[in-house]
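This report describes the fold of one protein chain, moving from a single side chain to the overall arrangement. The sequence and the model are shown below.

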Amino acid sequence: QVPNFIEDFRKLLRKEQLLYVAGLFDGEGCIGLYNCRSKAEKRAMHYQLVMRMRQKTPYGVRALLTLWPDGNFSMLKNVGKNRPGPYFDFRLTNVKAEKALTELMPFLREKKSQAIMALEFCILRREQGRKSKVEQRRVTPAELSLRDEYINKIRGEKIRNFSLEYFEGIQ
């Protein structure tokens with residue numbers, strides 16, 4: 001008999017669930033900041049924080065969905081040429097991603113620096129944002145430039161090269 005993964009997962013304490021998901025997310029997850037407007041568009045540039053995990057099996061994705069049920073879950077037929085599915089995809093954006101990363105942060109290892117930068121970006125975006133619901137103002141070029149710096153920092157973390165010193169002492 002195959003054990004029911006989600007039923008067993010729900011029996012864990014929240015901290016245990018977060019530990020499990022953090023390990024999974026460190027290896028399989030993605031944290032990204034994206035400019036959501038092409039350069040040709042005339043509408044105001046805006047940025048989106050995305051926390052995502054995509055896998056060939058549904059178990060890890062369902063664990064994230066159990067922790068954050070307001071996330072977006074989808075099944076994809078394929079994700080590119082020569083990569084047939086199904087793929088199971090979980091995604092949180094903006095405030096929902098910020099809340100989840102804040103909760104997951106103490107347990108992350110590989111993605112901790114990306115999560116810190118993403119959360120700093122959220123603070124910056126709030127500080128630069130509208131002062132009231134009726135105020136309509138575009139973000140200044142200087143503010144956009146600062147936001148782009150965060151995007152580049154996170155990208156840099158994703159592609160950093162570990163030197164042999166990182167593995168020093170590992171047998």
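Is Gln17 buried or exposed? The model is predicted, and in it Gln17 has a relative accessible area of 7%. Because values under 20% count as buried, Gln17 is buried.

## Gln17 and helix 2

Gln17 is located in helix 2. A polar atom of its side chain lies 2.9 Å from the backbone oxygen of Phe9. Apart from residues up to four places away in sequence, Gln17 touches Phe9, Arg10, Leu12 and Leu67.

Helix 2 covers residues 14-28 and contains 15 residues. At 1.5 Å a residue it should span 21 Å, and its end C-alpha atoms are 20 Å apart, so the expected and modelled spans agree. Besides Gln17, the buried residues of helix 2 include Leu18, Val21, Ala22, Leu24, Phe25 and Asp26. An α-helix has 3.6 residues a turn, so residues three or four places apart point the same way. The cover over the buried residues of helix 2 includes helix 1 (5-11), helix 3 (59-67) and helix 4 (94-104), together with strand 1 (29-35) and strand 2 (47-55).

## The sheet

Six helices and four strands make up the secondary structure of the protein. Along the sequence these elements follow the pattern α-α-β-β-α-β-β-α-α-α. The four strands form an open sheet in the order 1-2-4-3, with antiparallel pairing. Strand 1 and strand 3 (72-78) are the edge strands, each pairing on one side only. From one strand to the next, the twist averages 30°.

The pairings within the sheet are set out below.

| Strand pair | Sense | Bridges |
|---|---|---|
| Strand 1 and strand 2 | antiparallel | seven bridges |
| Strand 2 and strand 4 (residues 84-93) | antiparallel | six bridges |
| Strand 3 and strand 4 | antiparallel | six bridges |

Individual bridge partners show how the strands are aligned. Gly29 has Met53 of strand 2 as its bridge partner, and Gly32 is partnered with Val50, also in strand 2. Further across the sheet, Arg52 has Arg91 in strand 4 as its bridge partner, while Phe73 stands opposite Phe90 in strand 4. The hairpin of strand 3 and strand 4 has five residues between the strands, and Gly80 in this hairpin takes a positive phi near 150°.

Why can strand 1 be described as largely enclosed by the rest of the structure? Five of its seven residues are buried, so the description holds for strand 1. Strand 1 is nevertheless an edge strand in terms of pairing.

## Two further glutamines

Gln48 lies in strand 2. Its relative accessibility is 25%, so Gln48 counts as partly exposed. Leaving aside neighbours within four places in sequence, Gln48 is in contact with Gly32, Leu33, Tyr34, Cys36, Thr93, Asn94 and Arg125. Gly32 thus appears both as a contact of Gln48 and as the bridge partner of Val50. Gln48 and Val95 are 47 residues apart in sequence, and their C-alpha atoms are 9.6 Å apart in space.

Helix 5 (residues 112-128) lies across strand 1 and strand 2, and it runs at about 150° to strand 2. Gln114 belongs to helix 5. With a relative accessible area of 5%, Gln114 is buried. Outside its neighbours within four places in sequence, Gln114 is in contact with Ile31, Ile154, Glu157 and Lys158.

## The chain as a whole

Of the 171 residues of the protein, 36% count as buried. Among contacts between residues at least 6 apart in sequence, 62% join residues at least 24 apart.

How confident is the prediction, and what is the mean pLDDT of the protein? The mean pLDDT is 84, and 81% of the residues reach 70 or more. Among the elements, helix 4 has the highest mean pLDDT, at 96, and helix 6 (residues 141-159) the lowest, at 83. Helix 4, with this highest value, is among the elements that cover the buried residues of helix 2.

How values were computed
Residues are numbered from 1 along each chain as its sequence is written. This is a predicted model: local features need pLDDT of at least 70, side-chain atom pairs count only at pLDDT 80 or more; totals for chains, interfaces and linings use all residues. Side-chain values use heavy atoms; hydrogens and water are left out. Helices (H or I, at least four residues) and strands (E, at least two) are DSSP runs, numbered from the N terminus. The expected span of a helix is 1.5 Å times one less than its number of residues. Buried means under 20% relative accessible area, exposed over 50%, partly exposed in between (1.4 Å probe, protein chains only). Contact means heavy atoms within 4.5 Å. Two strands pair if DSSP finds at least two bridges between them. Axes are lines fitted to C-alpha atoms, for helices over the stretch in contact, and angles run from 0 to 180 degrees between N-to-C directions. pLDDT is the predictor's confidence in each residue, from 0 to 100. A polar contact is a pair of N or O atoms within 3.5 Å; within protein, one must be able to donate a hydrogen and the other to accept it, and residues adjacent in sequence count only if both atoms are side-chain atoms.
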